[in-house]
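Colleague: I am new to this one. Could you show it to me and take some questions?

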Amino acid sequence: MKFRNSLFAGILALASAPLGAQSLTLADALLAGEAQAPRLTAQRYAIGSASYQVKRARELPDPRLKLGLENLPVSGAGRFRYDTDFMTQRTIGIAQEFPSDAKRAARSDRASRLRDVEEANLAAQHTLLLRDVAVAWFDTYYADKAYAALTKLAEQYRLQSDAAPSALARGRQTAAEGFALRSAWEQANDRIIEQDRTRAKARIALAALIGERANRPLAPPPADFVAAQLPEKLLERIGEHPSLRVFDEREALARAEVELARSTRERDWSLEVGYSQRRPAFDNMISVVVAIDLPFAKERRQDLDVASRLAEVEQARALSQDARRMHEADVRNLFADWDNAQKRSRRFSGVLLPLARERVDAALAAYQGGRGELAAVLEAQRALTETELSALQIEAERARAWAGLHFLYPMEGHT
């Protein structure tokens, strides 16, 4: 399979410009993941293997060379001599089997269907890879953002803690408030250490998919995660989903197996031509033998094979129906997650975050004016950071849902 330059055109249109030459956009990560994916390489080899079998399927079996010594005496005066008895002969011949046309056609069709299954698997693997890369990229981006928010909080606590001795000397602050500042700073540092582990694990997951490029700083994500289609529109295209196409192709393969089983009812035949040498005492001979299969007990043999393959067709059909239902549910769940995150994200940016910032400003103003406590300032700053972290978590959830919806089907330009 080849990918034209427009493969990620839709993503490139959504992606923001890189922060710098070394920044890694989502589109860059997707292209790197596709280029370095061993799973896709392995699947392409599977397609190549199946393609060779398509070419092989209609070929006749290899002919057989036959060499023999017939009617050799084992007793009497001429025992173990090939030139004393007129019945002894040295034979060389060629034998060729000729499967029925129906069987050869059925074998060819089965091989073609197997290749179709592998091609469908490649499309499914590719779509899944793009989704995995996008999710890993978003996880890394928002882990970095959360780390920055905690670092900012710790820096605020540090500055306040550094100013504590001076405030204590002027009588603006008590010793207990100084210890409270130091404790808040250390707790913030502990959370930074924990978040650093989350960042590292996110980078490791991204690097497993795209290699060393995962170490580059990340550019901003797409400006907005807009679901291109409602669930009903996505469900109308459900037959295009690569994973479901795999099930459809497996059902077609099962039907090809049925036809192959039915072809065993047809008679195969073989031809054998031999040349026997008896000279110098007797004349040489040539022989021609034709053998024909006699499938006379079909109800106990071939018919049972056909019934077995028909059962496998029904199994494949049932599995396909089940996969379709599960996929429909997944699409609706993804859209529910995305829609919920959209609403909550707007609420955080429009209501909760402004309120948290106003609370910090009010608590700080009251403290600086001698009308408030330092504890109220610390709590307001902590609450603001917690609100920012919650907003980032919601953004990450929205991004994961967007990735799941955006990579449901093969990208435009995928051939």
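Here are the basics first, then questions and answers.

Modeller: This is a predicted model, in which local features need pLDDT of at least 70, side-chain atom pairs count only at pLDDT 80 or more, and totals for chains, interfaces and linings use all residues. Residues are numbered from 1 along each chain as its sequence is written, and side-chain values use heavy atoms, with hydrogens and water left out.

Colleague: How many helices does the protein chain have?

Modeller: Elements are DSSP runs, numbered from the N terminus: helices are H or I with at least four residues, strands are E with at least two. From the N terminus, the order is α-α-α-β-β-α-α-α-α-α-β-β-α-α. Beside four strands, the number of helices is ten.

Colleague: What is the strand order in the open sheet?

Modeller: Strands pair if DSSP finds at least two bridges between them. This open sheet has four strands with antiparallel pairing, in the order β1-β2-β3-β4.

Colleague: Which are the edge strands?

Modeller: An edge strand here pairs on one side only. That applies to residues 64-70 and 285-292, which are β1 and β4.

Colleague: Which residue in β3 is the bridge partner of T91?

Modeller: Strand β2 covers residues 89-98 and strand β3 covers 269-277. They pair in the antiparallel sense over nine bridges. In β3, the partner of T91 is S276.

Colleague: What percentage of the residues of the protein chain count as buried?

Modeller: Buried means under 20% relative accessible area, with a 1.4 Å probe and protein chains only. The protein chain has 415 residues. The buried part is 40%.

Terms used: Buried means under 20% relative accessible area, exposed over 50%, partly exposed in between (1.4 Å probe, protein chains only).
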